[in-house]
Amino acid sequence: MVVNKPPWMPVHPGQGHDYGTLVDVLAEQGWGDSLGPINRLDKNTSGLVIVARTPEAKALLARQIEDRLIHRLYLAVVHGDLPFDQERIEANIGRISKRTGRMGVFEPWDERGKPAITNCRVLDRYHGEATMVECQLETGRMHQIRVHMSYLGHPLFSDRLYGGLYHPICPRQALHATSIAFQHPITGKRLTFTSHPPEDMQALIDSLIESIE
């Protein structure tokens with residue numbers, strides 16, 4: 001199944017959030033222990049998560065992730081005016097700080113970084129103040145979009161871990177997993193799901209639109 005995860009909800013139990021995760025909520029609904037989220041989202045990122053309901057489905061979907069057959073699109077609102085309309089970002093990503101969870105870009109020869117590729121397409125510009133961008137992942141490194149945007153000098157709104165300025169309308173990183181497409185692990189049918197940004201991120205977008213009218 002596909003779940004539209006709200007912001008502020010972790011996918012898995014972990015440091016600082018042992019309860020109230022997506023896995024916990026699904027278990028409370030009686031889905032059992034065989035559930036397995038296939039793609040992961042940060043706690044403060046909203047949007048679509050594929051959940052396998054059987055071990056067989058989990059293994060087949062995980063293989064699609066490895067083979068880059070799952071198509072994932074994200075919407076992000078970043079600071080400033082991106083200097084391109086479309087761009088393929090290739091910059092290796094690795095962990096900088098275990099304590100803060102901060103990731104960063106490393107040179108290709110540095111073994112601490114792993115290959116990371118993000119395809120970006122500008123959807124809207126707001127008088128140099130901000131840009132709404134669609135990001136398609138070819139790889140799935142931790143914090144990938146957030147790190148790549150910060151690396152370009154255009155961090156996400158309210159993404160203070162990577163240099164984004166706090167915005168009270170959307171007090172978490174302005175990032176939403178808006179579309180996901182994959183092959184059904186049993187029937188083989190190609191499936192596509194879409195989700196609109198939640199209220200906080202949509203309110204941020206609306207305020208930026210109003211500022212240029």
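Here are three short exercises, each with a worked solution, on a predicted model.

In this model, local features need pLDDT of at least 70 and side-chain atom pairs count only at pLDDT 80 or more, while totals for chains, interfaces and linings use all residues. Residues are numbered from 1 along each chain as its sequence is written, and side-chain values use heavy atoms, with hydrogens and water left out.

**Exercise 1.** Describe the surroundings of Ser179.

Step 1: Find the element. Ser179 sits in strand β10, residues 175–183; strands (E, at least two residues) and helices (H or I, at least four) are DSSP runs, numbered from the N terminus.

Step 2: Check the accessibility. Ser179 has a relative accessible area of 12%, so it counts as buried (buried means under 20%, exposed over 50%, partly exposed in between, with a 1.4 Å probe and protein chains only).

Step 3: List the contacts (heavy atoms within 4.5 Å). Leaving aside residues up to four places away in sequence, Ser179 touches Leu48, His71, Arg72, Leu73, Thr192, Phe193 and Thr194.

Step 4: Look at the side chain and the fold. The Ser179 side chain reaches the backbone oxygen of Phe193 at 3.4 Å. The C-alpha atoms of Ser179 and Gly47 are 8.1 Å apart, although 132 residues separate the two along the chain.

**Exercise 2.** Work out which parts of the chain the salt bridge between Arg146 and Asp42 links.

Step 1: Confirm the pair. The two side chains meet at 2.9 Å, N to O; a salt bridge needs a side-chain nitrogen of Lys or Arg within 4 Å of a carboxyl oxygen of Asp or Glu.

Step 2: Place both ends. Arg146 belongs to helix α3 (residues 144–151), and Asp42 to the loop between β2 (36–37) and β3 (46–52), so the pair links distant parts of the chain, 104 residues apart.

Step 3: Assign the exposure. Arg146 is buried because its relative accessibility is 6%, whereas Asp42, at 21%, is partly exposed.

**Exercise 3.** Do the same for the salt bridge between Asp85 and Arg125.

Step 1: Read the distance. These side chains meet at 2.7 Å, N to O.

Step 2: Place both ends. Asp85 lies in the loop between β4 (71–79) and β5 (86–90), and Arg125 in strand β8 (residues 117–126), 40 residues apart.

Step 3: Assign the exposure. Asp85 is exposed, with a relative accessible area of 56%, while Arg125 is partly exposed at 27%.

Step 4: Put the pair in context. The structure holds ten salt bridges.

Terms used: A polar contact is a pair of N or O atoms within 3.5 Å; within protein, one must be able to donate a hydrogen and the other to accept it, and residues adjacent in sequence count only if both atoms are side-chain atoms.
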